[in-house]
There are 2 protein chains.
Amino acid sequence: MSDLTIARSVKLSPIVDVAERLGVSPDEIEPYGRYAAKLPLWLSAPDAPRRGKLILVSAMTPTPAGEGKTTATIGLTDALNRIGRRAVAVLREPSLGPVFGLKGGATGGGRAQVAPMDFINLHFTGDFAAVTAAHNLLAAVVDNDLHQRKSTHGLDLTSVRWKRVLDVNDRALRQIVVGLGGRTNGLPRESGFDITAASEVMAAMCLCDSLAHLKEKLGGIFVGRTQDKRPLYARDFNVHGAMTALLRDALKPNLAQTLEGNPAIIHLGPFANIAQGTNSVIATRAGLRLSDYVVTEAGFGFDLGGEKFLHIKCRTSGLAPAVVVLVATVRGLKYQGGAALEALHEPDLAALERGFDNLEKHLENVRRFGLEPVVAINRFTSDTSAELDWVQARCTAMGTASAISEAWAYGGAGAETLAHEVVAAVERATGHWQPLYALTDPIERKIETVATHIYGASDVRFLSKARADLRLIAELGLTQLPICIAKTQKSFSDDPTRLGRPRDFTLTIREVEIAAGAGFVIPIAGDLVRMPGLPAVPASERIDIDAEGNITGLS
Amino acid sequence: MSDLTIARSVKLSPIVDVAERLGVSPDEIEPYGRYAAKLPLWLSAPDAPRRGKLILVSAMTPTPAGEGKTTATIGLTDALNRIGRRAVAVLREPSLGPVFGLKGGATGGGRAQVAPMDFINLHFTGDFAAVTAAHNLLAAVVDNDLHQRKSTHGLDLTSVRWKRVLDVNDRALRQIVVGLGGRTNGLPRESGFDITAASEVMAAMCLCDSLAHLKEKLGGIFVGRTQDKRPLYARDFNVHGAMTALLRDALKPNLAQTLEGNPAIIHLGPFANIAQGTNSVIATRAGLRLSDYVVTEAGFGFDLGGEKFLHIKCRTSGLAPAVVVLVATVRGLKYQGGAALEALHEPDLAALERGFDNLEKHLENVRRFGLEPVVAINRFTSDTSAELDWVQARCTAMGTASAISEAWAYGGAGAETLAHEVVAAVERATGHWQPLYALTDPIERKIETVATHIYGASDVRFLSKARADLRLIAELGLTQLPICIAKTQKSFSDDPTRLGRPRDFTLTIREVEIAAGAGFVIPIAGDLVRMPGLPAVPASERIDIDAEGNITGLS
């Protein structure tokens, strides 16, 4: 059965009932359709009481085999509820780019899904659209400023760094020339589109405390410089109020449910390879206020989502995870050990052993932050007992708790062992995570720290554009910001073909984007781009709808 | 008091109560927030019973003074309900372009508004975002096809006519070059963005009967041609199913309410200068099924919205208005008669008399279609009794019913006289409207018919691009389609500075766009562009939000 078929076979609870299970009355939510709703912002006030324990789900380096991190997150939430703990999943919203591209949706799989799957994967409550609109309003205002030649700004056309965004995989928009066709069409200049998941507006929303805080952050977006090198920010164009107005409803976190009827808060969705990769502080705080256990995930491997979750999201908000669950699969480990994608169903202990190096490095990284990892082995039907036993034995030998999760096949019932291990780890946890770099470190040092300690690089190389960007960052007085490295998710290195645990490699920083409003800078490693492309056969070719409105082909 | 202040001072009914007033049970609607909801599609089945009378509200040629067509439409709906008739307003959704540009929102004004005003003017239920996503998915798939060099299609890069859309006023996007930066970024080619209100996807949604019909229409979108001149349509790229899936919820009409608690169905929003200018057939049918009187509007003057409402929307759907209300103002007539914008508050019977020519031509045009006009004079505080009496006397002399509407100041109570006149006209109405051109006429002839009979042009000139487009239309076998002329709204002619009733002018057709999926072709007159720009001081500079989420500056 497809994920969509399973999702449709389950009778969902009205969203008011799900809210009541969280202690939120029907009068306090705003429904969007029958099975989703906006939660009120006051739940997430920074000084509100928070009773929950935060569990971060991250993963080994992802492979084309699919590791099922979201599936494990949802299954663990359902399992915690089954063993008598009040737990809520706090997740990111899907982007339409991957839904119609290669990767598919982001609502879990099998018996461990959030629902309604098609509603969430398509437009949901419109948050991504609001981010797109607010982002592009600033772009239109900036180009209008150039066109109207407003002497008050004197914006230097060649200095403009603000691009546009769309929630689609569209490589042809990466690098464009706008303003062609003569005087009435504005001034010609080079620009481009990123995917909405990479928007600084999205990042600012994920890291703010309130509407007022968001407006302040948006006002601080760096747009470019005047002819005499004075920096101009969004607030200088008097547009941050209108942008915030556009985002009023999008800033409220969304409530949905798992297939087992447990609450799931799903809010915003920066990617972890090109952005900070985790849902909003507002959503996480709402979960911590309303529940005893909050299970949240950060995108891709722990080197990307996990590092940013801690250094960016937790550092700016004061949030702190009690434990980190690392999802791994026998198939993924064999792939990291060099097995071919087509051969992953065949037992191959040698490849498994080689590939375990990858998980081992991630486990070391978790411990580097002073946190305790629990390994969740997401079981696939082709996995043999020998392989599963070997992985668990290796974890035990490293002093790491592990459990096999069968959430895909059995939902929460398949993840009860994992839930018990996680509860035990939470109860054992004593310390607070520790950052690896200080905010006062120079940007280069911050990059070198993450590159060497987390990625395992031997050194970092800065290309000339990156060096120029670093000088600009220094001139703007932004060196105290944390970093959000954009890097391929497929390898610890910036080369997507280097699997396992690469050593003795140089991380190349091509350029450094400035996200002064969101509150970080974005060193871009290797040839990563912030607007994906479609594959030869996009998922959109499989997606269809019948006359009654039943959608097929979503995954 | 601002429109927003008035709107906030009214206590709205829960949307389930508004639905029940229309005879729709709470189980049948999908709420979006507390005060808006999606109505089910089955209400709009083409063969469903329809009991309502259709009243089309159009207007004289618009001026910068603002004529208040939407205000009159909402006031008339409230007034009909006050005099004991069951009436529903069926309107278009606002576009973010004008909201943040110059014109402002589209929810009426004063005491005659639909609500919640800020929710409707900003994202509402996400329909425009869905149109944007579906439109741009096709664009991404087409550019991906070029990039992947799919031999099955052999698409000729220079023949691609499908552009992209965004719901923003952004002149810099009108004409762009995409695909720059080398092989991995696709193939470089000229392209551009239109505003979402001009999207063929929007047009197709407005003219379809059902999801299946929409999918068929989207499949028929003309994309370009192969190297050997074979036409390629969206269905050849296997993307129309995914596009329709994206539009599943957006195709359902939205329910909101007037400030007096009467139902308003608000759905989709093509502009009337660059598209067909009227809400969806699906929304209008829902209104006609659920109510006795359906008051609907078509954009800008009757020469644009009115003509297209009849020749495109009514002809393809079988809908037929009983009467046409033409909104005029003393200020607007004086402006058409040459009075300066700053002097419109001063009595000026000479300018009024000259400007009445404009209204007279619109009245003649309504009668040309075999329909009876009723003039609604939207009263402003500076209007004198002498001016108002003069306009009414001229209408009477032409055998045309008229009434003064004070809906802005008094809501429905201010439009009761108008409501009585409209009911009387509906009861007098006997005939069916008649089209001015046959679908079998050549495209040139159709354009000439509308240009000479409706606009009052002496002749039509086709530039060379337009002639080439007409040859392509003939080759594609699309000559039987109706036309949707893109023309300035500010004049009957294609020159926005020619006010009143211009005579002896040539209408210049620059090019003819093909909207084979929507089911019409778009002759573009003069230098009209389908992506607006922002003014020197955009409305976005006035729009703001406070810490509690109260938005200010929307109008």
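Biologist: In this predicted model, which residue of S20(B) does Asp459(B) stand opposite?

Modeller: Asp459(B) faces Thr506(B), a residue of S20(B).

Biologist: What makes S19(B) and strand S20 of chain B, residues 506-515, a pair?

Modeller: Two strands pair if DSSP finds at least two bridges between them. S19(B) and S20(B) have 4 bridges, in the parallel sense, so the criterion of at least two is met.

Biologist: Which side chains of strand S19, residues 459-462 of chain B, are buried and which are not?

Modeller: The side chains alternate along the strand. Val460(B) and Phe462(B) point to one face and are buried, whereas Asp459(B) and Arg461(B) point to the other face and are not.

Biologist: Why is Pro14(A) called partly exposed?

Modeller: Buried means under 20% relative accessible area and exposed means over 50%. The value for Pro14(A) is 40%, so this residue is partly exposed. Pro14(A) lies in the loop between helix H1 (3-9) and helix H2 (15-21) of chain A. Beyond residues up to four places away in sequence, Pro14(A) touches Arg34(A) and Tyr35(A).

Biologist: What is the expected span of helix H6 of chain A, and what does the model give?

Modeller: Helix H6(A), residues 127-148, has 22 residues. At 1.5 Å a residue, 32 Å is expected, and the helix reaches 31 Å from its first C-alpha to its last, which is close to that value. H6(A) is also mostly covered, with 20 of its 22 residues buried. Just after the helix, Arg149(A) takes a positive phi of about 50 degrees.

Biologist: Which residues touch the most other members of the largest nonpolar core?

Modeller: Val201(A) and Val201(B) do, in a core of 318 residues. Apart from neighbours within four places in sequence, the contacts of Val201(A) include Val131(A), His135(A), Trp162(A) and Leu247(A). A second, separate core has 78 residues, among them Val57(A), Ala72(A), Ile74(A) and Val323(B).

Biologist: How do you know that Asp118(A) and Arg248(B) form a salt bridge?

Modeller: The rule requires a side-chain nitrogen of Lys or Arg within 4 Å of a carboxyl oxygen of Asp or Glu. For Asp118(A) and Arg248(B) the N to O distance is 3.0 Å, so the rule is satisfied. Across the interface of chain B and chain A, 6 salt bridges are found.

Biologist: How many residues does each chain bring to the contact, and what area do the chains bury?

Modeller: Chain B and chain A bring 72 residues each. Between them they bury about 5900 Å², 59% of it on carbon and sulfur atoms. Arg34(B), Arg171(B) and Arg248(B) supply 10% of the area that chain B buries against chain A, more than any other three residues.

Terms used:
Residues numbered from 1 in each chain as written. Chains lettered and ligands numbered in written order. Predicted model: local features only at pLDDT ≥ 70, side-chain atom pairs only at ≥ 80, totals over all residues. Heavy atoms only, no water. Buried < 20%, exposed > 50% of the residue type's maximum accessible area, 1.4 Å probe, protein only. Helix = DSSP H or I, 4+ residues; strand = E, 2+ residues; numbered from the N terminus. Core = buried A, V, L, I, M, F, W, Y, C linked by side-chain atoms within 4.5 Å. Contact = heavy atoms within 4.5 Å. Expected span 1.5 Å × (residues − 1). Buried area = accessible area lost by both parts, 1.4 Å probe.
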